[in-house]
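Visitor: I am new to this structure. Please take me on a close look at one part, the largest cavity, and then show me what lies around it.

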Amino acid sequence: MAGHLANTEPPPQLEFIFTARVIVDPPLDLGDIAKGKRRIVPIIGGDFSGPKLRGKVLPGGADWQILRSDGVDELEARYTLCTDDDVLIYVRNHALRHGPAEVMAALAAGDPVKPDGYYFRGTTFFETSAVRYGWIAKHIIVCTGERARACVNLKFYNLM
């Protein structure tokens, strides 16, 4: 077929960037809205580290969640990182989380759940004025997540 691109290009690879431990307070339950149950989970701190950057997660962000009736959680987290060399990086993460009903109920109750028992993936966008970290705002970043009792553990990867 003329103009058809042959599928000879290798699939994109992932380059590990950093892990983050985002400490959270208990969720604020706003109840049912048209799309599902709305929760806001305050972010109160944490830390992150990887080969190219490390530092602290600053308090003051939150994860705005909608727990949909089809069992999928829509997550939108916004928070700020402060690198060890005092650079601020704004984070905007959009993720989906779902799994078997009993696993999701355990997560909602704050009980520990094995990360391979449910799906937790997102896309993350970064903003910074620091030239040395500008590369992070110029790439598509994906993440995997694991919800623990008082924190969310994330791994971030550059989609090459």
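**The cavity and its surroundings**

Guide: Strand β6 gives the most to the lining of the largest cavity: four residues. Keep in mind that this is a predicted model. The search of the whole structure finds one cavity of 30 Å³ or more. About 150 Å³ of space lies inside the largest cavity. Its lining has 17 residues, and the closest to the centre are Asp63, Ala77, Phe120, Val152 and Leu154.

Where does the lining come from? At least two residues each are supplied by β1, β3 (36–49), β5 (61–68), β6 (73–83), β7 (88–98) and β10. By class, the lining counts eleven nonpolar, two polar and four charged residues.

Now step back to the chain. One helix and ten strands make up its elements. From the N terminus on, their order is β-β-β-β-β-β-β-α-β-β-β. The C-alpha trace spans about 50 × 50 × 30 Å along its principal axes. The chain has 160 residues, and 38% of them count as buried.

Next comes the nonpolar core. The largest one has 34 residues. Phe18, Val22, Tyr79, Leu81, Phe126, Leu154 and Phe156 have the most contacts inside it. At least two residues of this core come from each of β1, β3, β6, β7, α1 (101–108), β8, β9 and β10. Strand β1 gives the largest share, five residues. Leu154 is a name to remember. It is among the residues closest to the centre of the largest cavity, and it is also among those with the most contacts inside the largest nonpolar core.

Look at the rings next. The count of aromatic pairs comes to five. One of them joins Phe16 and Tyr157, edge-to-face, 5.9 Å centre to centre and with 65° between the planes. Phe16 lies in strand β1 (residues 14–24) and Tyr157 in strand β10 (residues 151–159), so this pair ties together parts that are 141 residues apart in sequence. Is Phe16 buried or exposed? Neither label fits: its relative accessibility is 34%, so Phe16 counts as partly exposed.

Another pair is Phe18 with Phe126. Their rings are edge-to-face too, at 6.1 Å centre to centre, with 65° between the planes. Phe18 belongs to strand β1 and Phe126 to strand β8 (residues 119–127), so to speak of distant parts is fair: they are 108 residues apart. Phe18 has a relative accessibility of 1%, so it counts as buried. Phe126 is at 5%, and therefore it counts as buried as well. Both belong to one aromatic cluster, formed by Phe18, Phe48, Phe126 and Phe156.

Two rings carry a charge above them. Phe120 is one: the charged end of Arg97 sits over its ring, 5.4 Å from the centre. Phe120 is also among the residues closest to the centre of the largest cavity. The other ring is that of Tyr119, where the charged end of Arg121 sits 5.4 Å from the centre.

Now go to the loops. Start with Gly134, in the loop between β8 and β9 (141–147). Its relative accessibility is 15%; under 20% means buried, so Gly134 counts as buried. How far is it from Asp63? The two are 71 residues apart along the chain, and their C-alpha atoms are separated by 24 Å. Asp63 is one of the residues closest to the centre of the largest cavity.

Asp70 is found in the loop between β5 and β6. It is exposed, with a relative accessible area of 52%. Asp70 and Gly60 are ten residues apart in sequence, yet 30 Å apart in space, C-alpha to C-alpha.

One loop remains on this tour. Asp86 is found between β6 and β7. Most residues other than glycine have a negative phi. Asp86 is not a glycine, but it has a positive phi of about 65°. Its relative accessibility is 64%, so Asp86 counts as exposed.

Finally, return to the cavity. Strand β6, with four residues, gives the most to the lining. Strand β1 is among those that supply at least two, and β1 also makes up the largest share of the largest nonpolar core.

How values were computed:
Residues numbered from 1 in each chain as written. Predicted model: local features only at pLDDT ≥ 70, side-chain atom pairs only at ≥ 80, totals over all residues. Heavy atoms only, no water. Phe/Tyr/Trp six-rings, centres within 6.5 Å; stacked < 30°, edge-to-face > 60°. Buried < 20%, exposed > 50% of the residue type's maximum accessible area, 1.4 Å probe, protein only. Lys NZ or Arg CZ within 6 Å of the ring centre and 35° of its normal. 1 Å grid on protein atoms, 1.4 Å probe; cavity = no way out; pocket = protein on both sides within 12 Å on 5 of 7 lines; lining within 4 Å. Points joined across faces, edges and corners; volume = space filled by probe spheres on them. Nonpolar A, V, L, I, M, F, W, Y, C, P; charged D, E, K, R; others polar. Core = buried A, V, L, I, M, F, W, Y, C linked by side-chain atoms within 4.5 Å.
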